Amino acid sequence: MPIVTPRFIDNAWRRGCDFVLLDLEDSVPQNRKAYARTLVKDAIPNVNKGGTEAFVRINHEHMQADTEAAVWPGLRRIKYPKTGTADEVRQLDAIITRMENERGIEPGSIEIDAGIETALAVTNVYDIAAASPRIKEFGATNGGYDMSRDLGVEMFVPYDQFVYLRGEAELAARALGLGVRAAPFVANTSGSVSDGNRALRLAEAACACGLRLGGGGLNPAVVESHNKGYTPSETDVRDAQWVLEQFERLQTGKEPWLEVEGRVIDRYEVERARETLDWAELCAARDREKAAAVARVQAAMAVPK
Amino acid sequence: MNNHLSRSWLLAAMSKPEAVATAAQSGADVVVLDLIEFVAETDQPAARQNVRAAIATVQADGPRVFVQTTPTTCDADLRAAVWPGLSGIVLSRAETAQQMQSVCNLLFLLEKERGLGEGAIDIVAALETARGNQDAYDVITASKRVCAVTLGRADLVMDLRPEPSGDLHLMPYLMERLIIVARAAGVTPLGAWWRAPDRGLLSTPENTLQAAKRGRAAGFKGALCLRANQVAPLNSIYA
């Protein structure tokens with residue numbers, strides 16, 4: 001959200017988001033960039049209070065000034081847009097390291113999210129992903145508008161025009177053991193960024209194919225859809241439990257796999273089932289954490305001065 | 001690399017004598033005797049003991065014979081299996097050029113020791129991990145023995161689940177990438193284009209036929225399969 005719009009920032013903690021991206025880039029006009037930088041230090045604890053993590057998106061062309069303005073206690077991640085090369089990531093890493101030291105922040109604690117939004121980035125994608133240990137999650141789900149423009153391809157088409165570049169980024173992430181930021185292809189021919197139903201379908205599809213990192217949204221209307229879609233449904237949980245029960249039977253025998261009701265039960269299915277159950281647990285724990293944080297803030301606000 | 005007709009590659013678990021016998025009679029161009037993926041750990045020593053005899057029996061029925069092994073078990077597997085009659089190995093979870101070279105060194109020694117011609121044993125690299133796919137070109141070109149490359153069970157090893165389209169997540173990309181790398185390296189790409197909810201273990205002959213048609217269109221020149229009734233569809237499509 002644009003950091004220069006106080007009503008967005010002041011209400012961010014109520015939105016139930018896992019993270020809020022405080023934007024210094026595209027949503028801030030050029031003549032307000034300097035002013036925007038002065039707002040970051042206070043905005044971070046402001047959004048943190050709902051249990052929400054604070055990320056800051058800097059401007060590609062103002063790496064140093066923006067990063068110096070953004071690295072404060074409570075910041076979790078810097079999003080660096082339009083990454084072109086691994087060298088740029090190493091420069092950013094060095095600035096963050098210096099600011100962490102100056103401001104008493106745990107060294108190495110602030111992550112880098114390297115945005116893959118250009119043809120140059122796709123060409124260098126593996127080197128970019130490997131350029132800093134601060135990159136913990138990686139992918140090219142959010143290529144979106146910038147990528148379309150850079151490549152000269154249309155955005156809202158009924159087929160997957162980014163299959164190659166998304167694959168390149170995801171393979172690099174997986175080969176390096178990073179968190180995979182990816183999304184299945186679900187056509188968006190309407191161009192809407194605030195359609196909660198579409199967001200829910202997309203999040204459910206991502207969750208069903210084992211993807212766990214949401215890409216974020218541009219409108220509060222999609223937050224609940226993301227939270228819900230990325231949480232395994234009761235049906236998924238029951239199915240995972242069924243797979244584990246069947247596997248118990250398998251272990252009593254000697255067979256490496258069984259066919260049960262037309263399905264294969266083997267170690268791969270079991271790993272998936274366990275992962276689904278673990279993920280469901282994590283989702284529930286995170287929901288409790290956020291609800292508790294919101295309740296604390298509300299209780300504090302209710303106390304008469 | 002020898003030029004053989006290799007449309008269908010049927011895997012048979014060495015712990016299942018009846019599966020090995022069926023595979024020999026299945027009409028598959030290649031039978032892959034599996035020592036590792038479908039053999040319970042406790043059965044693996046026995047599988048190794050029996051593999052030399054099984055190679056001779058299956059080969060006498062016509063198909064070429066490969067054995068399936070992995071970089072972590074290949075020492076024991078290859079010592080048990082490299083005997084006259086064996087045409088090659090499927091190296092499952094192949095990941096690095098270095099692994100490929102050490103497998104080749106072992107094959108070289110065993111070929112010499114057991115009276116096989118130098119370079120007689122081919123390798124099919126099964127790239128089932130992200131690292132193996134990322135470095136595919138280096139892995140494949142690490143040895144002249146590599147005759148073919150496949151994604152094997154990458155969907156399971158990498159946990160790639162179905163997307164709403166019915167394609168397994170990331171697989172269209174991995175398949176296209178594999179075709180390009182295989183052609184650049186001059187080896188044969190093997191595979192079929194499976195879609196959810198099919199898994200090779202249970203897929204019907206009809207669905208195998210569809211997977212083979214898509215696979216052929218994408219550039220694959222033959223495919224591995226897990227059931228004898230999947231052989232005929234592969235032979236007809238990859239002809």
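**What surrounds helix α9(A), and more**

The buried residues of α9(A) are covered by elements that include α6 (119-123), α7 (125-129), β5 (137-139) and β6 (179-181) of chain A, along with α5 (130-134) and α8 (171-185) of chain B. So you know what you're looking at: this is a predicted model. Below is a quick tour of that helix, then chain A as a whole, one arginine in chain A, and a helix pair in chain B.

**Helix α9 of chain A**

- Helix α9(A) covers residues 163-175, 13 residues in total.
- At 1.5 Å a residue, you'd expect a span of 18 Å, and the end C-alpha atoms do sit 18 Å apart, so expectation and model agree.
- Most of α9(A) is covered, with 10 of its 13 residues buried.
- The buried ones are Leu165(A), Arg166(A), Gly167(A), Glu168(A), Ala169(A), Glu170(A), Leu171(A), Ala172(A), Ala173(A) and Arg174(A).
- That list has charged residue names in it too, among them Arg166(A), Glu168(A), Glu170(A) and Arg174(A).
- Right after the helix, Gly177(A) adopts a positive phi of about 70°.

**Chain A overall**

- Chain A has 13 helices and eight strands.
- A compact globule of 305 residues would have a radius of gyration near 19 Å, and chain A comes in at 21 Å, which agrees.
- Along the principal axes, the C-alpha atoms of chain A fill a box of roughly 70 × 55 × 40 Å.
- Of the 305 residues in chain A, 35% are buried.
- Take the chain A contacts between residues at least 6 apart in sequence: 69% of them join residues at least 24 apart.

**Arg238 of chain A**

- Arg238(A) is part of helix α12 of chain A, which runs over residues 234-252.
- Arg238(A) counts as exposed because just 11 other C-beta atoms lie within 10 Å, and the cut-off for exposed is 12 or fewer.
- Tyr159(A) is 79 residues away from Arg238(A) in sequence, and their C-alpha atoms are 33 Å apart in space.

**A helix pair in chain B**

- Helix α1 (residues 17-24) and helix α2 (residues 44-60) of chain B pack at an angle of about 30°, with 9 Å between their axes.
- Angles under 35 degrees count as roughly parallel, so that is the label for α1(B) and α2(B).
- On the α1(B) side, the contact is made by Val20(B), Ala23(B) and Ala24(B), while α2(B) brings Ala54(B), Thr57(B) and Val58(B).
- The crossing of α1(B) and α2(B) is right-handed.

Note on methods
Residues numbered from 1 in each chain as written. Chains lettered and ligands numbered in written order. Predicted model: local features only at pLDDT ≥ 70, side-chain atom pairs only at ≥ 80, totals over all residues. Helix = DSSP H or I, 4+ residues; strand = E, 2+ residues; numbered from the N terminus. Rg over C-alpha atoms; globule rule 2.2 N^0.38 Å. Buried ≥ 20, exposed ≤ 12 C-beta atoms within 10 Å, placed from the backbone. Contact = placed C-beta atoms within 7 Å. Expected span 1.5 Å × (residues − 1). Axes fitted to C-alpha atoms, helices over the stretch in contact; angles between N-to-C directions. Parallel < 35°, antiparallel > 145°, perpendicular 65-115°, else oblique. Left-handed = near helix turned anticlockwise from the far one by under 90°.
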